[in-house]
Amino acid sequence: KGGAFEKDWKIYHDALSIMFEKTTVQWMRNNTFEGKSYYDRLVLPQLGVNQQLGRYGSKPVGNSPELMPWDACLNQDAHEGARRHAVLSKSCLKRQGKTEDDRAFSMATPRLCSENYRRVMDPDPYIGVAPSAKRIVQDFDGVWIAMKIICDAKGCYVPGLAERTGRRYIKSATRGRHGGSRAKGDHEVFFWGKMKGLHK
């Protein structure tokens with residue numbers, strides 16, 4: 001708010017199925033903000049790109065964490081921030097001989113967990129702490145690096161660009177993987193190398 005693009009902001013996401021489901025698309029078309037529908041604010045393929053791909057013709061394709069800062073690292077920052085606040089709160093209460101404090105962070109129940117995340121991720125920079133502004137900028141800068149790599153490859157799939165390391169990837173490693181294993185490329189080391197020591 002108050003920035004140069006306050007009224008011209010856009011929304012981008014990769015092919016998240018629920019976001020491009022028919023009823024969701026209809027809702028985005030029917031609801032507006034500042035005179036523009038949410039659907040019109042989406043960054044979508046232009047000039048016939050992807051039209052030959054049938055149902056992907058009017059939407060982005062793929063699971064692309066390298067182009068999605070939240071998917072790449074910022075989700076993890078938020079989870080780490082919430083967990084650390086809960087652990088430190090419990091430790092402080094124990095040292096003070098207390099069991100409760102309205103200011104404490106907790107993950108004990110769904111309600112307290114939700115409150116914890118809302119406080120930690122509050123958009124007010126004087127309240128919210130995770131992810132930090134520095135980390136948000138860092139991850140968005142990483143998107144431009146990934147886009148340059150993809151453009152250099154003329155839009156083709158680039159093996160090793162944002163290898164998956166989360167729980168679903170780990171689970172899939174125990175099953176047979178279609179297509180065999182892939183080796184990480186030099187660009188992956190360049191792109192993610194600066195991300196390694198974030199939570200020391």
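**Reading a predicted model: loops, rings and a long stretch of α2**

Q: Where does Pro131 lie?

A: Pro131 is in the loop between α3 (110–120) and α4 (133–152). The model is predicted, and what follows should be read as a description of that model.

Q: What is the omega of the peptide bond from Ala130 to Pro131, and is the bond cis or trans?

A: Omega is the angle to read for a peptide bond. For the bond from Ala130 to Pro131 it is near -5 degrees, and the bond is cis.

Q: Which residue other than glycine has a positive phi, and where is its place?

A: Phi is read residue by residue. Glu34 has a positive phi, near 55 degrees, and is not a glycine. Glu34 is found in the loop between β1 (32–33) and β2. A glycine with positive phi can be read beside it: Gly97, which follows α2, has phi near 75 degrees.

Q: How many helices and strands does the protein have, and what pattern do they follow along the sequence?

A: Start with the count, then the order. There are six helices and two strands. Along the sequence they run α-β-β-α-α-α-α-α.

Q: How many residues does α2 have, and what is its reach from first C-alpha to last?

A: For a helix, the reach is set against the expected span. α2 has 27 residues and reaches 38 Å, close to the 39 Å expected at 1.5 Å a residue.

Q: Where is the kink in α2 centred?

A: The end-to-end reach is one reading and the local bend is another. In α2 there is a kink of about 30 degrees, and its centre is Asn75.

Q: Which residues of α2 are buried?

A: The general idea comes from the helical repeat: an α-helix has 3.6 residues a turn, so residues three or four places apart point the same way. In α2 the buried residues are Pro69, Cys73, Leu74, Asp77, Ala78, Glu80, Gly81, Ala82, Ala86, Ser89 and Leu93. The list can be compared with the repeat on the structure above.

Q: With which residues is Met107 in contact, leaving aside its neighbours within four places in sequence?

A: Begin with position. Met107 is in the loop between α2 and α3, and its relative accessibility of 32% makes it partly exposed. Beyond those sequence neighbours, Met107 contacts Ala82, Arg83, Ala86, Cys113, Asn116 and Tyr117. Two of these, Ala82 and Ala86, are among the buried residues of α2. A C-alpha separation can be read as well: Met107 and Val87 are 20 residues apart along the chain, and their C-alpha atoms are 9.0 Å apart.

Q: How many aromatic pairs are there?

A: Rings pair if their centres lie within 6.5 Å, and planes under 30 degrees apart count as stacked, over 60 as edge-to-face and the rest as tilted. The count comes to three aromatic pairs. Trp9 and Tyr38 make a tilted pair, with 6.3 Å from centre to centre and 45 degrees between the planes. This pair links distant parts of the chain, 29 residues apart: Trp9 is in the segment before α1 (22–30), and Tyr38 is in the loop between β2 (36–37) and α2 (69–95). Trp9, at 25% relative accessibility, is partly exposed, and Tyr38, at 22%, is also partly exposed. The rings of Trp27 and Tyr38 have planes at 15 degrees and centres 5.5 Å apart, so this pair is stacked. Trp27 lies in helix α1 and Tyr38 in the loop between β2 and α2, so the pair ties together parts eleven residues apart in sequence. Trp27 is partly exposed at 48% relative accessibility.

Q: Which residues do the ring pairs link into a cluster?

A: Pairs that share a ring can be read together. Here the cluster consists of Trp9, Trp27, Phe33 and Tyr38.

Q: With which residues is Ile11 in contact, beyond its neighbours within four places in sequence?

A: Ile11 is in the segment before α1 and is partly exposed, with a relative accessible area of 24%. Outside those neighbours, Ile11 contacts Met19, Tyr38, Arg41, Leu42 and Val43. Ile11 and Leu42 are 31 residues apart along the chain, and their C-alpha atoms are separated by 4.7 Å.

Q: Over which rings do Arg29 and Arg119 lie?

A: The distance to read is the one to the ring centre. Arg29 lies over the face of Tyr39, 4.0 Å from the ring centre. Arg119 has its charged end over the ring of Phe105, 3.8 Å from the centre.

Q: What share of the residues counts as buried?

A: Totals describe the whole protein. Of its 200 residues, 28% count as buried. About 14,600 Å² is exposed, and carbon and sulfur atoms supply 57% of that area. Among contacts with a separation of 6 or more, 58% come from residues 24 or more positions apart.

Note on methods:
Residues numbered from 1 in each chain as written. Predicted model: local features only at pLDDT ≥ 70, side-chain atom pairs only at ≥ 80, totals over all residues. Heavy atoms only, no water. Phe/Tyr/Trp six-rings, centres within 6.5 Å; stacked < 30°, edge-to-face > 60°. Helix = DSSP H or I, 4+ residues; strand = E, 2+ residues; numbered from the N terminus. Buried < 20%, exposed > 50% of the residue type's maximum accessible area, 1.4 Å probe, protein only. Lys NZ or Arg CZ within 6 Å of the ring centre and 35° of its normal. Contact = heavy atoms within 4.5 Å. Areas by Shrake-Rupley, 256 points an atom, 1.4 Å probe, with all protein chains shown as cover. Expected span 1.5 Å × (residues − 1). Bend = angle between axes of the 7 residues up to and from the residue.
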